[in-house]
Amino acid sequence: GIGAATFASAMGISRDKLHKRRSTGGKQNKWRKKRKYELGRTPAMTKLSSNVTVRRIRVRGGNFKFRALRLDAGNFSWPTEAVTRKTRVLNVVYNASNNELVRTQTLVKNCIVEIDAAPFRQWYEAHYGVAVGLKKKGAAAEETKEETKRSNHVQRKIEARQAKRHLDQALDDQFATGRLYACVSSRPGQSGRCDGYILEGKELEFYLKKMQKKKGKSNA
């Protein structure tokens, strides 16, 4: 009942190994009390919300951790293009460790999220002079943007970039929806940030298969 819950909260979270058995299976005698450096704290369980909240926590050595409780944006990198933009996180779509964290929209390291594609689309179109993610049936989904007045120098520069340009079809399809799949690589409960990178190539294929499989199971 209530007494048991109060007792559990008073006990605290300990990260020591004294209360565990030895690797050989034998019991260990508790020969000393808990230590401050063995303490644990309650998990942040950072939620996806526009009401951004980050708490500062004083930790060992007088340092600070930043415990994000609610976040809705972060810096995401596009690895093959070596460009990073701040963008909104729209949805948590996959978590390898626990489906419950997807249902509750919890942001943790290595979870797969949907981010707003607009900042990356704008950069791509300005950098290469090519519109991406155009919904066209039977025709190529890419098209050179309407000619704007450019100097010869800028025109030559863009043409040189276009010669080396390659956009993954799966990414182009995502640009058409306005959302990109990305992986969170920061630890929101430790750094107070939700940063990551856009999924591409084999990694994107892997997670698309996983999500498709999960969707199939939920429909069954």
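Display the solvent-accessible surface of the whole chain: about 14,600 Å² is exposed, and carbon and sulfur atoms supply 51% of that area. The model on screen is predicted. Of the 220 residues in the chain, 32% are buried.

Switch to a cartoon view. The secondary structure comprises 7 helices and 12 strands. Among contacts between residues with a separation of 6 or more, 56% join residues that lie 24 or more positions apart.

**The barrel**

Select strands 6, 7, 8, 11 and 12. These 5 strands close into a barrel, in the order 6-7-8-11-12, with mixed pairing. From one strand to the next, the twist averages 50°. Strands of a sheet pair through backbone hydrogen bonds, in either a parallel or an antiparallel arrangement.

**Strand 8**

Narrow the selection to residues 112–116, which form strand 8. Are the residues of this strand buried or exposed? Strand 8 is largely enclosed by the rest of the structure, because 5 of its 5 residues are buried. Buried here denotes under 20% relative accessible area. Show the side chains next: Ile112, Glu114 and Asp116 point one way from the strand, whereas Val113 and Ile115 point the other way. Both sets are buried, the acidic residues Glu114 and Asp116 included.

**The neighbours of strand 8**

Add residues 83–94 to the selection. This is strand 7, which runs antiparallel to strand 8 and is joined to it by 4 bridges. Two positions are worth labelling along this pairing. Asn91 has Glu114 of strand 8 as its bridge partner, and Val92 stands opposite Val113.

Now add residues 179–184, which form strand 11. Which sense does the pairing of strand 8 and strand 11 take? The two strands pair in the antiparallel sense, over 5 bridges. Label Ile115 and Leu180: the latter, in strand 11, is the bridge partner of the former.

**The helices across the barrel strands**

Select residues 169–177 to bring up helix 5. This helix lies across strand 6 (73–78), strand 11 and strand 12 (196–198). Relative to strand 11, helix 5 runs at about 115°.

Finish with residues 201–219, which make up helix 7. Which strands does helix 7 lie across? They are strand 7, strand 8, strand 11 and strand 12. With respect to strand 7, helix 7 runs at about 25°.

Definitions and conventions: Residues are numbered from 1 along each chain as its sequence is written. This is a predicted model: local features need pLDDT of at least 70, side-chain atom pairs count only at pLDDT 80 or more; totals for chains, interfaces and linings use all residues. Side-chain values use heavy atoms; hydrogens and water are left out. Two strands pair if DSSP finds at least two bridges between them. Axes are lines fitted to C-alpha atoms, for helices over the stretch in contact, and angles run from 0 to 180 degrees between N-to-C directions. Contact means heavy atoms within 4.5 Å. Buried means under 20% relative accessible area, exposed over 50%, partly exposed in between (1.4 Å probe, protein chains only). Accessible areas come from the Shrake-Rupley method with a 1.4 Å probe; for residues, only the protein chains shown count as cover.
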